[in-house]
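Subject: Structure handover, with notes on its cavities and sheet

Dear colleague,

I am passing on the structure we spoke about, together with a short account of what came out of the analysis. Please look through the coordinates first and then read the notes beneath them.

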Amino acid sequence: MADIKGILFDKDGTLVDFNATWLGVADFMAMDAAEGDRWKADRLLAAAGFDFVSKRFKPDSIFASGSNMDVVELWFPRLSDEDQMHAVSRFNEITSVQGSSMAVALPGVIDSLRALHKRSYRMGVATNDSTSGAEKTLATLGVAQLFDAAFGYDAVANPKPAPDTVVAFCDLTGLKPGEIAMVGDNRHDLEMARAGGCGLAVGVLSGTGTRDSLAPMADIILDSVADLPDFLAARVNVPAG
């Protein structure tokens with residue numbers, strides 16, 4: 001049983017209510033990309049994983065777990081490198097400003113983060129949103145002071161599911177990968193945990209992932225981050241043998 005001293009959290013669907021926060025932002029992005037054409041925007045949303053029947057994004061879809069670069073590559077596959085970077089910059093601006101200002105914390109998450117901070121866990125965010133968007137979201141939620149750092153897809157050479165963010169968090173905190181728990185609602189989060197050698201991979205059912213999609217990669221599946229403090233406390237106090 002690893003001695004967990006640090007926790008990396010995915011952001012959307014883990015700390016933030018994904019659909020409450022991002023449906024409006026995603027629609028704005030699609031309409032912007034479609035230059036106001038509603039039919040084309042809906043086709044772009046569907047390609048990115050939006051299910052118009054359930055009004056939710058599918059587990060592990062591009063918009064649920066990818067980066068703005070992934071979205072640009074999907075929606076604008078024939079752009080030149082220069083125009084692609086302009087498109088990414090535009091989407092970064094939209095997600096950083098609108099995504100952070102519209103952020104809705106999942107129930108119980110704020111209290112749980114404060115409880116974990118009081119127990120001296122080192123905490124970071126690992127997201128495929130931009131770093132600016134992640135930092136602004138934490139500020140909007142009033143919890144930025146609880147975190148050592150937020151790592152967006154643009155803060156590391158290779159974003160999730162690559163292990164780069166785990167390495168960066170270890171470099172920052174001095175912790176070993178085996179002392180870190182990774183918490184997330186999509187397979188990308190848990191794949192990063194495995195690739196980075198994290199001591200604990202925690203799946204949560206508060207976002208777009210399902211028990212079936214998370215189970216193959218998770219050490220434990222919780223309903224949400226609200227359950228994490230009690231789980232970690234019980235884990236520490238489990239008698240040996």
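Which residues lie nearest the centre of the largest cavity, and how many residues line this cavity? Before the answer, please keep in mind that this is a predicted model, and that what follows is computed from it.

The largest cavity has a lining of 20 residues, and those nearest its centre are D12, F63, G66, N128 and D129. The space inside the largest cavity comes to about 240 Å³. By class, its lining residues are five nonpolar, nine polar and six charged. Four helices each contribute at least two residues to this lining, namely helix 1 (18-33), helix 3 (62-65), helix 4 (68-75) and helix 9 (187-196), and helix 3 provides the largest share, with three residues. Seen by domain, at least three lining residues come from each of domain 1 (6-16 + 104-237) and domain 2 (19-102).

The count of cavities of 30 Å³ or more is two, and the second largest has a volume of about 30 Å³. Its lining is made up of A126, T127, N128, F151, G152, Y153, P159, K160 and T165, which by class gives four nonpolar residues, four polar residues and one charged residue. You will notice that N128 belongs to this lining and is also among the residues that lie nearest the centre of the largest cavity.

Turning to the sheet, six strands form an open arrangement in the order 5-4-1-6-7-8, with parallel pairing. At the edges are strand 5 (149-151) and strand 8 (220-222), each of which pairs on one side only, and from one strand to the next the twist averages 25°.

Strand 1 (residues 6-9) is covered on both faces, with G6 and L8 buried on one side and I7 and F9 buried on the other. Strand 1 runs parallel to strand 4 (residues 122-126), to which four bridges join it; within this pairing G6 stands opposite R122, while L8 has G124 as its bridge partner. Strand 1 is likewise joined by four bridges to strand 6 (residues 180-184), again in parallel, and there I7 has A181 as its bridge partner.

If you set up your own view, the lining of the largest cavity and the two pairings of strand 1 with strand 4 and strand 6 would be the parts to compare with these notes.

With best regards

Key
Residues numbered from 1 in each chain as written. Predicted model: local features only at pLDDT ≥ 70, side-chain atom pairs only at ≥ 80, totals over all residues. Heavy atoms only, no water. 1 Å grid on protein atoms, 1.4 Å probe; cavity = no way out; pocket = protein on both sides within 12 Å on 5 of 7 lines; lining within 4 Å. Points joined across faces, edges and corners; volume = space filled by probe spheres on them. Nonpolar A, V, L, I, M, F, W, Y, C, P; charged D, E, K, R; others polar. Domains from an automatic or database assignment. Buried < 20%, exposed > 50% of the residue type's maximum accessible area, 1.4 Å probe, protein only. Pairing = 2+ DSSP bridges. Axes fitted to C-alpha atoms, helices over the stretch in contact; angles between N-to-C directions.
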